[in-house]
Amino acid sequence: CVQETGTWGTGIPCKLHPSSALYSLGYAPDYIVYHELVMTTKEYMQCVTTVDPHWLAEMGPMFFSVKEPGNRALRREIEAKERKEMEAQIQDSIRRKTELVNKQNNEEEDANSIRQRISTSVVVPGRSNTPLRTPKIHY
């Protein structure tokens, strides 16, 4: 569905008419010029074409001007978006590092338990820590 748009002069919400070629794009262009408004249950724009904002500033400088990206609000919005992306990357990096540390700790614990099972004491005769022999059973 195409996003709702407002007219420049009045701010009345209107939409692209479903018969318009731009409607089938699936998205609303940033700047459009229309020839007529049709009022049904909703207000629709007909005879619509997409335009470059620089064209509007060139052809009608008394009505339009192009603001360059030096705009403070735009700059703050871009910085906030970049900050949010960096925070997400940091959180993802922290999550991956903790997963790696946990994995290494688990592997180390598994290796230690395997070593403990494998390492058996060698019994040498004549030593004091030699375990008692199992008694012989006489029948």
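A residue is called partly exposed when its relative accessible area falls between the buried class, under 20%, and the exposed class, over 50%. Ile-90 is a handy case to start with: its relative accessibility is 49%, so it counts as partly exposed. This residue sits in helix α2, and together with Met-86 and Ile-94 it makes a nonpolar surface patch of about 290 Å². All of this is read from a predicted model, and the rest of the passage works through that model from the overall fold down to single residues.

Starting with the fold, the protein chain has 2 helices and 4 strands. Along the sequence they come in the order β-β-β-β-α-α, so the strands are followed by the helices in this pattern. Of the 139 residues in the chain, 12% are buried. The accessible surface adds up to about 12,500 Å², and carbon and sulfur atoms hold 55% of that. As for contacts, among those with a separation of 6 or more, 34% link residues 24 or more positions apart.

Helix α2 covers residues 72-118, and a good part of the local detail belongs to it. Besides the nonpolar patch of Met-86, Ile-90 and Ile-94, there is a negative surface patch built from Glu-107, Glu-108, Glu-109 and Asp-110. Glu-108 lies in helix α2. With a relative accessible area of 51%, Glu-108 is over the 50% cut-off and therefore counts as exposed. Set beside it, Ile-90 at 49% is partly exposed.

Salt bridges are the next thing to look at. The whole structure has 3 of them. One joins the side chains of Asp-92 and Arg-95, with an N to O distance of 2.3 Å. These two residues are both in helix α2 and sit 3 residues apart, about one turn of the helix. Asp-92 also pairs with Arg-96, and here the closest N and O atoms are 3.2 Å apart. Arg-96 and Asp-92 are 4 residues apart in helix α2, so about one helical turn separates them. Arg-95, for its part, has a further partner in Glu-99, with the closest N and O atoms 3.1 Å apart. Glu-99 and Arg-95 are again 4 residues apart in helix α2, and so about one helical turn lies between them. Because these salt bridges share partners, Asp-92, Arg-95, Arg-96 and Glu-99 end up in one network.

How exposed are the members of that network? Asp-92 has a relative accessibility of 28% and counts as partly exposed. Arg-95, at 40%, is partly exposed too. Arg-96 comes out partly exposed with a relative accessible area of 47%, and Glu-99 is partly exposed at 44%.

Strand β4, residues 43-50, gives a more mixed picture. What happens to the charge on Glu-43, which lies in this strand? Glu-43 is buried yet has no salt bridge, and the nearest side chain of opposite charge, that of Lys-15, is 12 Å away. Leaving aside residues up to four places away in sequence, Glu-43 touches Ile-12, Pro-13, Cys-14, Lys-15, Leu-37 and Val-38. Lys-15 thus turns up twice for Glu-43: as a residue that it touches, and as the nearest side chain of opposite charge.

Tyr-44 is also in strand β4. At 15% relative accessibility, Tyr-44 is under the 20% cut-off, so it counts as buried. With residues up to four places away in sequence again left out, the contacts of Tyr-44 are Lys-15, Leu-16, His-17, Pro-18, Glu-36, Leu-37 and Val-38. Tyr-44 can also be placed relative to Ser-20: the two are 24 residues apart along the chain, and their C-alpha atoms are separated by 9.9 Å.

Cys-47 is the last stop in strand β4. Its phi is positive, about 55°, although the residue is not a glycine. Is Cys-47 buried or exposed? Its relative accessibility is 53%, so Cys-47 counts as exposed. Strand β4 thus holds Tyr-44, which is buried, as well as Cys-47, which is exposed.

Key: Residues numbered from 1 in each chain as written. Predicted model: local features only at pLDDT ≥ 70, side-chain atom pairs only at ≥ 80, totals over all residues. Heavy atoms only, no water. Buried < 20%, exposed > 50% of the residue type's maximum accessible area, 1.4 Å probe, protein only. Contact = heavy atoms within 4.5 Å. Areas by Shrake-Rupley, 256 points an atom, 1.4 Å probe, with all protein chains shown as cover. Patch = residues over 30% accessible without salt bridge, like charges linked within 9 Å, V, L, I, M, F, W, Y side chains within 5 Å. Salt bridge = Lys/Arg side-chain N within 4 Å of Asp/Glu carboxyl O. Lys, Arg positive; Asp, Glu negative; His and termini not counted. Charge placed at Lys NZ, Arg CZ, Asp CG, Glu CD.
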